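Let's take a walk through this model, one helix at a time. Keep the viewer open and click along as the names come up.

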Amino acid sequence: LSINYSLRMILGLICYGFSFVLWMLIVSKMNLTIAMPLSVALVNTAVLIGSCLFLNEKITFIQGIGIFVIIAGVSLISIKK
């Protein structure tokens with residue numbers, strides 16, 4: 001088996017490994033019922049904003065409402081009882 005290692009591939013593997021270690025650290029310190037929805041919300045919002053900034057995608061009105069709902073939901077989850 002011959003694998004051609006490129007700089008992008010190595011950087012991608014390093015970033016993936018770092019994200020895995022960071023996720024394990026977060027899960028060990030935080031309740032999973034809060035950590036999972038928070039991470040999903042942040043990733044979805046970051047992908048939409050990143051695609052707008054780097055790929056010149058347009059954010060539609062419905063997507064804007066979706067971001068607002070996500071941020072409101074994360075805020076509600078974060079409130080201590």
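One term before we start: a contact here means heavy atoms within 4.5 Å. This is a predicted model, so local features need pLDDT of at least 70 and side-chain atom pairs count only at pLDDT 80 or more, while totals for chains, interfaces and linings use all residues. Residues are numbered from 1 along each chain as its sequence is written, and side-chain values use heavy atoms, with hydrogens and water left out.

Start with helix H2, which covers residues 32-54. Helices in this text (H or I, at least four residues) are DSSP runs, numbered from the N terminus, and strands would be E runs of at least two. H2 has 23 residues and reaches 31 Å from its first C-alpha to its last. That is close to the 33 Å expected at 1.5 Å a residue, where the expected span is 1.5 Å times one less than the number of residues. For a sense of distance inside H2, take Val40, which lies in this helix: the C-alpha atoms of Val40 and Phe54 are 21 Å apart in space, with their positions 14 residues apart in sequence. Val40 is partly exposed, at a relative accessible area of 38%.

That brings in the burial scale: buried means under 20% relative accessible area, exposed over 50%, and partly exposed in between (1.4 Å probe, protein chains only). Which residues of H2 are buried? They are Ala35, Ala41, Thr45, Leu48, Gly50 and Ser51. The cover over them includes helix H1 (7-29) and helix H3 (61-78). As a reminder when you look down a helix, an α-helix has 3.6 residues a turn, so residues three or four places apart point the same way.

Ala35 is a good one to click on. Ala35 counts as buried because its relative accessible area is 3%. Leaving out residues up to four places away in sequence, Ala35 touches Trp23, Ile26 and Met30. Ser78 is 43 residues from Ala35 along the chain, yet their C-alpha atoms are separated by 9.9 Å.

Thr45 is buried too, with a relative accessible area of 12%. Not counting neighbours within four places in sequence, Thr45 is in contact with Ile67 and Ile70.

Now hop over to Ile70, which has its place in helix H3. Is Ile70 buried or partly exposed? At 29% relative accessibility, Ile70 counts as partly exposed. With neighbours within four places in sequence set aside, its contacts are Ala41, Asn44 and Thr45. Pro37 is 33 residues from Ile70 along the chain, and the two C-alpha atoms are separated by 9.6 Å.

Ile77 lies in H3 as well. Ile77 is partly exposed, with a relative accessible area of 35%, and is in contact with Ile34 and Pro37 once neighbours within four places in sequence are left aside. Val47 is another matter: Ile77 and Val47 are 30 residues apart in sequence and 21 Å apart in space, C-alpha to C-alpha.

Between H2 and H3 there is a loop, and Asn56 is found there. What is the phi of Asn56 near? It is near 60 degrees, a positive value in a residue other than glycine. Asn56 is exposed, given its relative accessible area of 61%.

Next, the surface. Ile3, Tyr5, Leu7, Met9, Ile10, Leu11, Leu13 and Ile14 make a nonpolar patch of about 820 Å². Patches are built from residues with over 30% relative accessible area and no salt bridge, joining like charges within 9 Å and nonpolar side chains (Val, Leu, Ile, Met, Phe, Trp, Tyr) within 5 Å. A salt bridge is a side-chain nitrogen of Lys or Arg within 4 Å of a carboxyl oxygen of Asp or Glu. Areas come from the Shrake-Rupley method with a 1.4 Å probe, and for residues only the protein chains shown count as cover. Leu11, one of the patch residues, is found in helix H1 and is partly exposed at 45%.

Last, the cysteines. How many disulfides are there? Zero, taking a disulfide as a pair of cysteine sulfur atoms within 2.5 Å. Cys15 counts as exposed, at 51% relative accessibility, and Cys52 as partly exposed, at 28%.
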